[in-house]
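Visitor: I am new to this structure and should like to look closely at a single part of it. Would you please take one helix as the centre of the account and then place it in its surroundings?

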Amino acid sequence: MLEGRIALVTGAGSGIGEAIAKRLAREGAKVWVTDLDLEAASRVAGEIEAAGGRARPFKVDVTRREHLEAARDAAFAEDGRVDVVVANAGVSTMRPFLELTDRDWDFNFAVNAKGVFLTLQTFARRMKDQPLMEGSELRGKLIATASMAARQAAPLLAHYSASKFAVLGLVQAAAKELAPYKLTVNAVNPGFVKTSMQEREVKWEAELRGIPPEEVIADYVRQTPLGRLERPEDVAGVVAFLAGPDADFITGEAIEVNGGAWIF
Ligand SMILES: NC(=O)c1ccc[n+]([C@@H]2O[C@H](COP(=O)([O-])OP(=O)(O)OC[C@H]3O[C@@H](n4cnc5c(N)ncnc54)[C@H](O)[C@@H]3O)[C@@H](O)[C@H]2O)c1
């Protein structure tokens, strides 16, 4: 489905980003596996290559414009274009609203909101001038990992939720502005996904609510009508759909991937 395409994923050293990178590679794309943690990115790229795919690890801190520009320029130098960019890197902290600190707010916004802005803008600036993708009427596709928290705020996550609401506003405006260049911009909204981010959150939430971690997890499952924790692969499949030709006429959209945990 993505044979011959060039993709780049941020935060691809673990969790959802890792699953996205591996899925896009399995669909035939060469994947630039980027992460703040170069060792993690290298492991994922190595596993993709061992499975017969094509991957290149690259260190990118999405809060740093110059890192993104370096990755973009490396990809354009080596591959001549970038067809699919997935702005996936994200962070979270948990705190009651009345105790939120400037640091919580700034950290979450720097990575989750500004990081997505910098990623999409940096790549769109070059992608808008590249030839159409082969067999397509589009030049490329930009995809962001937002969150169910971009639709429905949760206690202890006001700052995180606000940063994810920001992502959807950005995606909608960018979709309108970049459509004339034949670039689409979409998002996925995962629910309760079993990753290292979730592990950290379960620990914090258990402490803050004074309940055992198993009870926090049971609560996530109870809130999910399909009755299990989400897997990173559940998200990766929908990103592959958005990256592929069947989604060519979708732009400005955010697809809920949460087992029914938020239905509107
Ligand atoms: N896990 C969930 O339940 C869940 C739910 C909804 C949305 N999300 C979103 O999915 C995305 C991935 O989350 P995850 O659960 O896989 O988290 P994770 O912590 O397992 O992985 C995140 C990756 O991003 C990298 N990263 C962190 N800061 C970075 C930065 N400044 N620049 C580049 N890379 C950076 C980390 O090194 C790590 O490899 C995030 O945007 C997150 O907000 C997660």
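Guide: What follows begins with one helix, moves outward to the domains and the ligand, and then returns to other helices and to some single residues.

The model is predicted. The helix chosen is α6, made up of residues 196-209. Its 14 residues reach 20 Å from the first C-alpha to the last, close to the 20 Å expected at 1.5 Å a residue.

Which residues of α6 are buried? They are Glu 201, Val 202 and Glu 205. These residues lie on the same side of α6, because they cover an arc of only 105 degrees around the axis. A general property of helices is relevant here: an α-helix has 3.6 residues a turn, so residues three or four places apart point the same way. On the other side of α6, Ser 196 and Glu 207 are exposed. The partner of the buried residues is α7, residues 213-222, against which they pack. Just after α6 comes Gly 210, with a positive phi of about 65 degrees.

The setting of this helix is best described through the domains. The protein chain is divided into domain 1, which consists of 6-191 + 231-254, and domain 2, which consists of 194-229. The centres of the two, taken over C-alpha atoms, are separated by 25 Å. Where domain 1 and domain 2 meet, nine residues of domain 1 are in contact with nine residues of domain 2. On the side of domain 1 that touches domain 2, the residues divide into four nonpolar, four polar and one charged.

The ligand brings the two domains into one picture. The shell around the ligand draws at least three residues from each of domain 1 and domain 2. There are 31 residues around the ligand, and those that come nearest are Gly 11, Gly 15, Gly 90, Thr 195 and Met 197. Helix α6 takes part in this shell, as do α1 (15-26) and α4 (102-127), each supplying at least two residues. By character, the shell divides into 13 nonpolar, 15 polar and three charged residues.

Two other helices may be set beside α6. Helix α3, residues 65-79, has 15 residues that should span 21 Å at 1.5 Å a residue, and its end C-alpha atoms are 21 Å apart, which agrees. Its buried residues are His 67, Leu 68, Ala 71, Arg 72 and Ala 75. Seen down the axis of α3, these fall within an arc of 130 degrees, so they line one face of the helix. The face turned away from them carries the exposed residues Glu 66, Asp 73 and Ala 77. The buried residues of α3 pack against α4 and against the strands β1 (6-9), β2 (30-35) and β3 (54-59). Just after α3, Gly 80 has a positive phi of about 80 degrees.

Helix α2, residues 38-50, has 13 residues and reaches 18 Å between its first and last C-alpha, close to the 18 Å expected at 1.5 Å a residue. Ala 41, Val 44, Ala 45 and Ile 48 are its buried residues. They fall within an arc of 100 degrees seen down the axis of α2, and so line one face of the helix. Glu 39 and Ala 50, on the other side of α2, are exposed. What covers the buried residues of α2 includes α1, β2 and β3. Gly 52, just after α2, takes a positive phi of about 95 degrees.

A positive phi is also found in residues other than glycine. Leu 156 has a phi near 75 degrees and is found in the loop between β5 (140-145) and α5 (158-178). Leu 156 is buried, with 20 other C-beta atoms within 10 Å. Lys 182, with a positive phi of about 65 degrees, is placed in the loop between α5 and β6 (183-190). Lys 182 counts as partly exposed, with 17 C-beta neighbours inside 10 Å.

A last residue to examine is Val 235, found in helix α8, residues 232-243. Val 235 counts as buried, with 27 C-beta neighbours inside 10 Å. Leaving aside residues up to four places away in sequence, Val 235 touches Ile 16, Ala 19, Val 188, Pro 190, Val 193 and Val 257.

Technical notes. Residues numbered from 1 in each chain as written. Predicted model: local features only at pLDDT ≥ 70, side-chain atom pairs only at ≥ 80, totals over all residues. Helix = DSSP H or I, 4+ residues; strand = E, 2+ residues; numbered from the N terminus. Expected span 1.5 Å × (residues − 1). Buried ≥ 20, exposed ≤ 12 C-beta atoms within 10 Å, placed from the backbone. Arc of directions from axis to C-beta. Contact = placed C-beta atoms within 7 Å. Domains from an automatic or database assignment. Nonpolar A, V, L, I, M, F, W, Y, C, P; charged D, E, K, R; others polar. Near = placed C-beta within 6 Å.
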